[in-house]
Amino acid sequence: MLIRLYAEETHTSGAATEDHCENMRKDDLYQLPAGLPVPVDDGAARHLAGTVLPSVALPSTSGGLVRLDDAAVPWAVVYCYPRTGRPDAVALGGTESWNAIPGARGCTPQSCAYRDHHRDFQEIGAVVYGLSTQTTDYQREAVGRLRLPFALLSDSAGEFSTRLRLPWFEVAGERLLKRLTLVIRKGRIAHCIYPVFPPDRDAEMVIAWLRNRAA
């Protein structure tokens, strides 16, 4: 009986392991693969520079709500991204299909770059946020795994992106933000980078813009 039970448990465990392996990513989500299609400027963000941020309170992974229209904040940098991937899950729609969408791949390298340059932003006096349409619970996994020293904001309800008319696309029935970065000065958009490519250089470009502005 014990031998039989052990065999059944081993078989079940093996099946679970096989299922888990099927869901594991075979690519390195921390690196940008070569040959990604370069996004082009379709004009969907031309209206953003100079715009006052809408008075929408966004859930934060740090707890509570964040208002990006707060005029008391001297500088805020908000990088809007489609969605971060996970090591134990394939990309939305499949890796090849996801990589084929111009500007879709690279959320993890982009977030890691902002993490690595976080002290530079602090020295400039700018607060950093990431923004996506994923839920706060989903975003907390990325914050913990990537050790992000800043909060991610959730626009899962879509109110913020709709009122600001942020460019978006749809994959597998999910509405996702196109990658763009907003540099906010006292509640108003002072600068917008769109499209953002490559995403792992975005933080450096924003730092250079801020430093030139302060010079």
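These legends accompany close-up views of a predicted model.

**View 1. The chain as a whole, a predicted model with 7 helices and 9 strands**. The chain has 215 residues, and buried residues make up 44% of them. It exposes about 11,200 Å². Carbon and sulfur atoms supply 52% of that area. Take the contacts between residues at least 6 apart in sequence: 73% of these join residues at least 24 apart.

**View 2. Strand S8, residues 180-185, is largely enclosed by the rest of the structure**. The reason lies in the burial count: 5 of its 6 residues are buried. S8 pairs with strand S3, which spans residues 75-80. The two run antiparallel and are joined by 6 bridges. One residue pair to look for is Tyr79 with its bridge partner in S8, Thr181. S8 also pairs with strand S9.

**View 3. Strands S8 and S9 form a hairpin**. S9 covers residues 188-193. Its pairing with S8 is antiparallel, over 5 bridges. Leu182 has Cys192 in S9 as its bridge partner. There are 2 residues between the strands. Lys186 sits in the turn, with a positive phi of about 50°.

**View 4. Cys80 and Cys192 do not form a disulfide**. The sulfur of Cys80 has that of Cys192 as its closest cysteine sulfur, 8.2 Å away. That is too far for a bond, because a disulfide requires the sulfur atoms to lie within 2.5 Å. Seen from Cys192, the nearest cysteine sulfur is that of Cys80. A search of the whole structure finds 0 disulfides. Both cysteines are buried, by the cut-off of under 20% relative accessible area. Cys80 has 0% relative accessibility, so it counts as buried. Cys192, at 19%, also counts as buried.

**View 5. Val128 in strand S4 is a buried residue**. S4 spans residues 126-132. Val128 counts as buried because its relative accessibility is 2%. Val77 lies 51 residues away along the chain, yet the C-alpha atoms of Val128 and Val77 are separated by 4.8 Å. Val77 is also in contact with Val128. Beyond neighbours within four places in sequence, the other contacts of Val128 are Tyr79, Tyr114, His118, Phe121, Phe150 and Ala151. Tyr79 appears in View 2 as well, as the bridge partner of Thr181.

Note on methods: Residues are numbered from 1 along each chain as its sequence is written. This is a predicted model: local features need pLDDT of at least 70, side-chain atom pairs count only at pLDDT 80 or more; totals for chains, interfaces and linings use all residues. Side-chain values use heavy atoms; hydrogens and water are left out. Buried means under 20% relative accessible area, exposed over 50%, partly exposed in between (1.4 Å probe, protein chains only). Helices (H or I, at least four residues) and strands (E, at least two) are DSSP runs, numbered from the N terminus. Two strands pair if DSSP finds at least two bridges between them. Contact means heavy atoms within 4.5 Å. Accessible areas come from the Shrake-Rupley method with a 1.4 Å probe; for residues, only the protein chains shown count as cover.
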